Each structure stands twice: as structure tokens, then as C-alpha cells.
Amino acid sequence: MSTSPSQSHVSSDRVIIFDTTLRDGEQSPGATLNVDQKLTIAHQLARLGVDVIEAGFPFASPGDFTAVQQIAKAVGTETGPIICGLARATAKDIDAAAEALKPAAKARIHTFLATSDIHLEYKLKKTRAEVLQIVPEMVAHAKSKVADVEFSPEDAGRSDPDFLYQVLEAAIAAGATTVNIPDTVGYTTPAEFGALIKGIKDNVRNIDRAIISVHGHNDLGLAVANFLEAVKNGARQLECTINGIGERAGNAALEELVMAMHVRRQYFNPFLGRPTDSTAPLCNIDTKQIYKTSRMVSSLTGMLVQPNKAIVGANAFAHESGIHQDGVLKNKLTYEIMDAQSIGLTDNQIVLGKLSGRNAFGTRLRELGFDLSEQELNKAFVRFKDLADKKKDISDWDLEAIVSDEIRQVPDAFKLEHVQVSCGDRATPTATVTILTPNGEELTDAAVGTGPVDAVYKAINRLVNVPNQLIEFSVQSVTAGIDALGEVTIRLKHDMGIFSGHAANTDIIVASARAYINALNKLYYALATTTTKAK
């Protein structure tokens, strides 16, 4: 069997960045992405410089299989990142992952099985002896499909260390080239996690044949700190997500890890066997792509970035205190430990307006990381022209909102044709809404509500007749000014799960209606798919 691609060119003085935004990140409630959206993000992750893209869980659904396959084909080139597919430690899962990954020049199968006693007893209903038998058998099966195999002992952070050592040794002996240590429930503290990695390095006899990776959740807000401690103790791959999105409280945030190692390079250099004053980057990430990537993921998933979020939050480089402002004006280093431009943050305003042509529009979108089909470009250009008639200065943020609004749409089951509202401090908020149904019928209804948006949603609900519960409604100004483009994000709850909807418009009522229709379309298609499968 040939040497793993990741093993053949990686030395111990560099940190591998494994991005799982498209797999674990997408598991955030309401953050479901379609194939086109995943492909758009995957292209941007490649530009960002991640070493590995975990593109999805191929066996989980036909959509995930197709997404992994398309990303493997379009992004998994010889010069591109390793494309990884997740698989449980079963032959069917592994076979599906191998098939989906076939187009990739560099493919990795990531298989996993829990090792903590609580998971063994209550979830797997298996003994330690059974796990020790399954792991090498399934790792060897994956190895027969691809050269690069990663194994994860799920819930390693709460596993018995001695048993964990045995499992990892068996996995490596069977062909695992990376062993990933997950803090699946975000339970450990930095000192504990660092000691866990050190224990593995000291006690797993064949550990020199594999790269130690870490994966961790942020339930106690310690994921990034845990990972940095892991690096100091020998971990050389970090599994993370853009903006830290993921299950529950999310994953370790890629941008925080990368910039921590960038800003504090002199501190981390000795732990990677480098001279303290070495200026060589600790990873392959192009930091100037960070902000652009963060914006894209936030826009396409609907997972808004909190203003005080480290690195990419709106307030990350803002100063309101007079003392701070005075210091920064005299010397940025007084209150800023990194340059905003180092993450690609600028106040760039593009020179596009209502007289701009389609070619200039398309060129700027490609520069922003969007590679649209002809049909998507045409639709986005129509939206751009409409906005240009209403708004004099159009920023990159406006363009991102327009394009994201187009490419994240599911097929129109219900289509918003018309919305009109009447409201005021002495009037009852009333909305009239017209929609096209899946069978092409045009329906109109009116409703009153506590406010204009509430009235619009009540009218839509009566027309669509798909039961749901609105659990989140948020409005964000995409750009500054009275003519700002407003972006609305909503989440609907249903027995089938949580469905998000997003839309942007200079009219916030129209954006609210479109966002609601977007979410309802996702729910409608989920219900239709379930009904089809049942038949």
C-alpha cells in the first residue's frame, strides 16, 4: 500500500488544518446546505489554503453523497486539498465514502467508533473486546479503498486512557495514517487535553507512524485553548470550522486557531522544533482569505457572527473608549495585536453602479470567491441592477448578500409574487400577500398582526398551510447607511427538524417575506422527500 498523501509531505514542524465546516459545521441546527452551496464554500476553503476538507458523510443521504462526489471532482485536484469523507466503522459506510471520493486526486476516509464506557454501554451496546476487534477490521477495509485513512475514537476525552492506547495502536497497525482525538462533548480543560495528547505520544508504541489530530467542541468555551495546548504536546492536525459553527456550542474556530498561531508564533515555534525567532508560517492558511471565508459561510448557512466574536466579529477591530481611540490613533499596537488587513478586512467599495455591465459584475463576483453558473449569474445580475436603481454606492457586502441569496435558494415550491403592508402608530398592521403554489395556482390572502412582519407571516401561513413554529427572527444590516441592504434570517421548527430561511433586500418587509418563503420551501421539500421514501 502506498504512503498516505498527508504523511508523505508533512513534517512535524507544521500544523495541518483540517476543515470540517461542510460536515460537522453543517450539523448546526438550521444550517443545512445544498450541493451548490457546499461546492461554493469548498472552492473558497481551497483558496483559504486548508490542507483537508471534510466534505460530508456520504452514507448519510444521497445529497451528502453527491456533495462529496462533486467536491472531490471540482476541488480535489492534484494541487488542491485532500478531500475527506466521514464513515462509521461499518463496511457500508466505508464503501459509500470510497465511491464518493473516487474523483479526488487525494482522498481520505475518516472512520470512527466510540471508546468511552458511557458510549459503549448506552449507545453501541458493545464491550471493549468487541471494539478492539471492529476497529482494526474496519480501518483495514478503509485502507483497501484509499491510502489515506483517519481513525477517531469518539468521546476520547472521556475514555479510559489505557483502553484508548490499545485502540489507537490497533488502528495504526491496521493502516491508519492519522489518529484523531475527539473531545466530542467539550468536557476537557486545556491541561487535561494536553496531558491526554502527551499520554498518547508516550504510550502508543507505533504512534510515530501516524499524525496526531484533535477535534473538539466548545461546550465550555475551551475548544481553541484545548487545541493550542494539544499542539504544544504533539498534535499536528487541527479539526476546526469557519466561525466555529457545529453541533451544540460549535467546534474550535479555524480563524481563532490560525491567528493565535500567527500572532504568537514566537511562543509556539519551540514546541514545533523551530528557532524561537523563526518567521515561517506554522500552517498553510492564507490569512488574508479569512474574513472573506467567514462572510461566505455566515451568509450561506444563516449562522450570524456575533459582533464580539474574536477575529471576524464586527467589533473585533472597533474602538469606542476614548482612551483606546487615542492610543490607536497614536500607534495601533497600543490596543491592536494584529492588523485588520492581515485577515483580509478592508473598507473596499467597488466601482459598480446601474451602468455597470454583466462582465464587470461577474469578474468582481469571481474575485469575491463566487463561481456562478450562467443561470445563477443572470439571476444575480438582475438583482444587482434592481438594487443599483435604489442604492447609489454598492459595496462588496451588498454583492455577497445578493449572490448568497440567489445560490442558497431551494427550488421554488411556493413563490412570493406580491407583498403589501399597511401599518402605523394609529393603525392595525395589515398585510396582503400573493404567492404561487407548487401546482402553479396564484393565491392571495390578507391578515392582521401585532406588527407588519407578523401580519405577513400569518398571511403566508394561511396560504401555504404547512404547520411550523417560528423560533428565531433576526435582522442584520449588511451595509451602513439609510439605504442599507437588510438581511433577514429566520428559523422554523418542525417535527422533522429546524429549517432556516434567509433573504436580503432594501425593504426589510420584503426580505422578511422572502426569508420565510425560503424556509417554508425547505420544509416543504423535506416533507415531500419523506413522503416519497415512505411510498
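This report looks at the nonpolar cores and the salt bridges of the structure above, which is a predicted model.

Let's start with the nonpolar side. In soluble globular proteins, nonpolar side chains tend to be buried together. Here the largest nonpolar core takes in 111 residues. Who touches the most other members? That would be Ile 17, Ile 53, Ile 109, Ile 200, Leu 238 and Ile 290. Among the secondary-structure elements, helix H7, running over residues 161-173, is the top contributor to this core, with seven residues. There is also a second core, separate from this one, with 33 residues, including Leu 463, Ala 511, Ala 513 and Ala 515.

Ile 53 is worth a look on screen. If you skip the neighbours within four places in sequence, its contacts are Asp 19, Leu 22, Ala 42, Leu 45, Ala 46, Val 75, Pro 81, Ile 82, Ile 83 and Cys 84. Ile 53 falls in strand S2 (52-56), and the loop just before that strand, coming from helix H2 (35-48), holds Asp 51.

That brings us to the charged pairs. Searching the whole structure turns up 24 salt bridges. Here are three of them, with the closest N to O distance:

| Salt bridge | N to O distance |
|---|---|
| Arg 14 and Asp 51 | 3.2 Å |
| Glu 255 and Lys 309 | 2.6 Å |
| Lys 458 and Asp 454 | 3.3 Å |

Take Arg 14 and Asp 51 to begin with. Arg 14 sits in the loop between helix H1 (5-8) and strand S1 (16-19), while Asp 51 is in the loop leading from helix H2 to strand S2, so the bridge ties together parts that are 37 residues apart in sequence. Both Arg 14 and Asp 51 are buried.

Glu 255 and Lys 309 also link distant parts of the chain, 54 residues apart. Glu 255 belongs to helix H10 (residues 254-263), and Lys 309 is found in the loop between helix H12 (290-301) and helix H13 (322-330). Are these two buried or exposed? Glu 255 and Lys 309 are both buried.

The Lys 458 and Asp 454 pair stays within one element. Both residues are in helix H17 (residues 452-464), and because they are four residues apart, about one helical turn separates them. Lys 458 is partly exposed, at a relative accessible area of 38%, and Asp 454 is partly exposed too, at 26%.

Finally, some charged residues go beyond a simple pair: Arg 23, Asp 24 and Glu 54 are joined in a network of salt bridges.

Methods:
Residues are numbered from 1 along each chain as its sequence is written. This is a predicted model: local features need pLDDT of at least 70, side-chain atom pairs count only at pLDDT 80 or more; totals for chains, interfaces and linings use all residues. Side-chain values use heavy atoms; hydrogens and water are left out. A nonpolar core is a set of buried Ala, Val, Leu, Ile, Met, Phe, Trp, Tyr and Cys residues joined through side-chain atoms within 4.5 Å. Buried means under 20% relative accessible area, exposed over 50%, partly exposed in between (1.4 Å probe, protein chains only). Helices (H or I, at least four residues) and strands (E, at least two) are DSSP runs, numbered from the N terminus. Contact means heavy atoms within 4.5 Å. A salt bridge is a side-chain nitrogen of Lys or Arg within 4 Å of a carboxyl oxygen of Asp or Glu.
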